[in-house]
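Student: I should like to go through this structure and ask, for each label attached to it, on what grounds the label is given.
Tutor: Please begin once the structure is in view.

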Amino acid sequence: MSPAFGLGIDFGTSNTVALMRWPDGRVRPLLFDANPLLPSAVFAPTKPGPASPAPPAGGPVQGATAPDGSTAAPGGVGGVTGAARAGAVPGDLVVGGDALHHARFDPAGLEPNPKQHIDETPSCSAPARWRSPT
């Protein structure tokens, strides 16, 4: 048995799966809105969305829970959010199913399969704080 928690993430082309290991050795998938599959989609808003409060710093990503009901993933880190806020602000990233939802109103901001572009130079439309050095 390992004395620490563990997290394994499989970042796939279309979906991402995360597994949590508890100190007693149990391994369970993280569930996102009761589903172990999280779309790998990323949404970067190109225009302001409806105003909404920011998620609490270090608070959980809403919908990210372990099967036993415990919260198992931190949220609101580095501007990347899941279901933590209703509106999106240019410069923020929204991931998973929420990214697909936001894309209904601003399709230009969606990248449904970001892993396919991992070796490419970022586009000029990417917010400066999300560009990788080239």
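**Reasons behind the labels**

Tutor: The largest nonpolar core has six residues in all, namely Ala18, Met20, Trp22, Leu30, Phe32 and Leu38. The model is a predicted one.

Student: What makes Trp22 a residue that counts as buried?

Tutor: The relative accessibility of Trp22 is 10%. Buried means under 20% relative accessible area, so Trp22 counts as buried. Trp22 is found in the loop between strand 2 (15-21) and strand 3 (27-29).

Student: With which residues is Leu38, another member of that core, in contact, leaving aside its neighbours within four places in sequence?

Tutor: Leu38 is then in contact with Ser14, Asn15, Thr16, Phe32, Gly96 and Gly97. Apart from the largest core lies another core, of five residues, including Ala41, Phe43, Ala99 and Ala103.

Student: How many residues does the protein have, and what percentage of them count as buried?

Tutor: The protein has 134 residues, of which 30% count as buried. It exposes about 8000 Å², and carbon and sulfur atoms supply 61% of that area.

Student: How many aromatic pairs are counted?

Tutor: The count comes to one aromatic pair. The ring centres of Phe5 and Trp22 are 6.4 Å apart, and the limit for a pair is 6.5 Å.

Student: Why is the pair of Phe5 and Trp22 called edge-to-face?

Tutor: The ring planes stand at 65 degrees. Planes over 60 degrees apart count as edge-to-face, so the pair of Phe5 and Trp22 receives that name. The pair links distant parts of the chain, with Phe5 in the segment before strand 1 and Trp22 in the loop between strand 2 and strand 3. From C-alpha to C-alpha, Trp22 and Phe5 are 4.9 Å apart in space, with their positions 17 residues apart in sequence.

Student: Is Phe5 buried or exposed, and how do you know?

Tutor: Phe5 has a relative accessibility of 51%. Exposed means over 50%, so Phe5 counts as exposed.

Student: What makes the contact between Asp24 and Arg26 a salt bridge?

Tutor: The side chains of Asp24 and Arg26 meet at 3.0 Å, N to O. A salt bridge requires a side-chain nitrogen of Lys or Arg within 4 Å of a carboxyl oxygen of Asp or Glu, so the contact satisfies the rule. The structure holds one salt bridge.

Student: Why are Asp24 and Arg26 called partly exposed?

Tutor: The relative accessible area is 42% for Asp24 and 29% for Arg26. Partly exposed is the class between under 20% and over 50%, so the label applies to Asp24 and to Arg26.

Student: What is notable about the phi of Asp33?

Tutor: Phi of Asp33 is near 55 degrees, a positive value in a residue other than glycine. Most residues other than glycine have a negative phi. Asp33 is placed in the loop between strand 4 (31-32) and strand 5 (38-39). Ala34 is found in the loop between strand 4 and strand 5, and Ala34 has a positive phi of about 70 degrees although it is not a glycine.

Student: How do you know whether Asp33 and Ala34 are buried or exposed?

Tutor: Relative accessibility is 62% for Asp33 and 71% for Ala34. The threshold for exposed is over 50%, so Asp33 and Ala34 count as exposed.

Student: Which residues make the nonpolar surface patch of about 420 Å²?

Tutor: Leu7, Ile9, Phe11 and Ile118 make that patch. Leu7 lies in strand 1 (residues 6-11). Leu7 has a relative accessibility of 53% and therefore counts as exposed; membership of a patch calls for over 30%.

Student: Why does Val95 count as partly exposed?

Tutor: Val95 has a relative accessibility of 24%. Buried would mean under 20% and exposed over 50%, so Val95 counts as partly exposed. Val95 lies in strand 9 (residues 93-95). The C-alpha atoms of Val95 and Pro39 are separated by 7.7 Å, although these residues are 56 residues apart along the chain.

Student: What is the pattern of the protein, read along the sequence?

Tutor: The pattern is β-β-β-β-β-β-β-β-β-α-β, and the secondary structure comes to one helix and 10 strands. Of the contacts with a separation of 6 or more, 54% are between residues 24 or more positions apart.

Technical notes: Residues are numbered from 1 along each chain as its sequence is written. This is a predicted model: local features need pLDDT of at least 70, side-chain atom pairs count only at pLDDT 80 or more; totals for chains, interfaces and linings use all residues. Side-chain values use heavy atoms; hydrogens and water are left out. Patches are made of residues with over 30% relative accessible area and no salt bridge: like charges are joined within 9 Å, nonpolar side chains (Val, Leu, Ile, Met, Phe, Trp, Tyr) within 5 Å. Accessible areas come from the Shrake-Rupley method with a 1.4 Å probe; for residues, only the protein chains shown count as cover. Helices (H or I, at least four residues) and strands (E, at least two) are DSSP runs, numbered from the N terminus. Buried means under 20% relative accessible area, exposed over 50%, partly exposed in between (1.4 Å probe, protein chains only). Contact means heavy atoms within 4.5 Å. Rings of Phe, Tyr and Trp (its six-membered ring) pair if their centres lie within 6.5 Å; planes under 30 degrees apart count as stacked, over 60 as edge-to-face and the rest as tilted. A nonpolar core is a set of buried Ala, Val, Leu, Ile, Met, Phe, Trp, Tyr and Cys residues joined through side-chain atoms within 4.5 Å.
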